[in-house]
Amino acid sequence: MDGKKCSVWMFLPLVFTLFTSAGLWIVYFIAVEDDKILPLNSAERKPGVKHAPYISIAGDDPPASCVFSQVMNMAAFLALVVAVLRFIQLKPKVLNPWLNISGLVALCLASFGMTLLGNFQLTNDEEIHNVGTSLTFGFGTLTCWIQAALTLKVNIKNEGRKVGIPRVILSASITLCVVLYFILMAQSIHMYAARVQWGLVMCFLSYFGTFAVEFRHYRYEIVCSEYQENFLSFSESLSEASEYQTDQV
């Protein structure tokens, strides 16, 4: 980072990444300790012996399910906040808004999927849980590609290539993991599928952490004032993102 003052908003995507990854690993260790799943480093499981360490299975039974639900709800909220702030950040910089709007909608749907898979455990309502998984992985992958394209196109502070290329690599890795995951699932190779799933989720979380690079240049404000006849619309006055200047406090 440069010597200029950085916005505190840069910590939001970092908190999202660290909090969610730590929470999911806590769920994993609780499930392993309770003999609900096999450790990730175990050999291929034998029929009838425990379960493969899928994230959904790790968070399927109490007490792990309680932690899993809380982690996913908080992650969905933080992802939604990141989606809105990212949309506001790019809004004045893109001439054609459809790509920016698509990124916002995709991440909102992925966030909604997180709440479904977190609150409807696999054994309680498998259908809704799988819908949530599909929304999260499907729209999450789409979000990554859209944001990678926007990063290269907008080129904030001439850091487009520096941030965009790692995002393209992460997007490709995520896409590969999604395809490989479903292939392994179809072949019932569950231990390897579970490992790929954990790798996929960690790639997602790492991707979100990269938003700290651009958020460090911006501040966001919420404006509240009395109603007047010439009052600005809600969308115009809710938030304003402005770049940090050297003379700003």
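Colleague: What makes the space lined by 22 residues a cavity?

Modeller: On a 1 Å grid over the protein atoms alone, a cavity is a set of points where a 1.4 Å probe fits but cannot get out, and lining residues have an atom within 4 Å of a point. The largest cavity has 22 such residues, and Met 72, Met 114, Thr 136, Phe 137 and Val 201 lie nearest its centre. This is a predicted model, where local features need pLDDT of at least 70 and side-chain atom pairs 80 or more, while totals for chains, interfaces and linings use all residues. Residues are numbered from 1 along each chain as its sequence is written, and side-chain values use heavy atoms, without hydrogens and water.

Colleague: How do you know what volume the largest cavity has?

Modeller: Grid points are joined across faces, edges and corners, and the volume is the space filled by probe spheres set on the points. For the largest cavity that gives about 320 Å³; the second largest holds about 40 Å³. With a limit of 30 Å³ or more, the count is 2 cavities.

Colleague: Which class makes up what part of the largest cavity's lining?

Modeller: Ala, Val, Leu, Ile, Met, Phe, Trp, Tyr, Cys and Pro count as nonpolar, Asp, Glu, Lys and Arg as charged, and the others, Gly among them, as polar. The largest cavity's lining has 15 nonpolar, 7 polar and no charged residues. In the second largest, the split is 4 nonpolar, 3 polar and 1 charged.

Colleague: And which helix supplies the largest share of the second largest cavity's lining?

Modeller: Helices are DSSP runs (H or I, at least four residues), numbered from the N terminus. H4 gives the largest share, 4 residues.

Definitions and conventions: 1 Å grid on protein atoms, 1.4 Å probe; cavity = no way out; pocket = protein on both sides within 12 Å on 5 of 7 lines; lining within 4 Å. Helix = DSSP H or I, 4+ residues; strand = E, 2+ residues; numbered from the N terminus.
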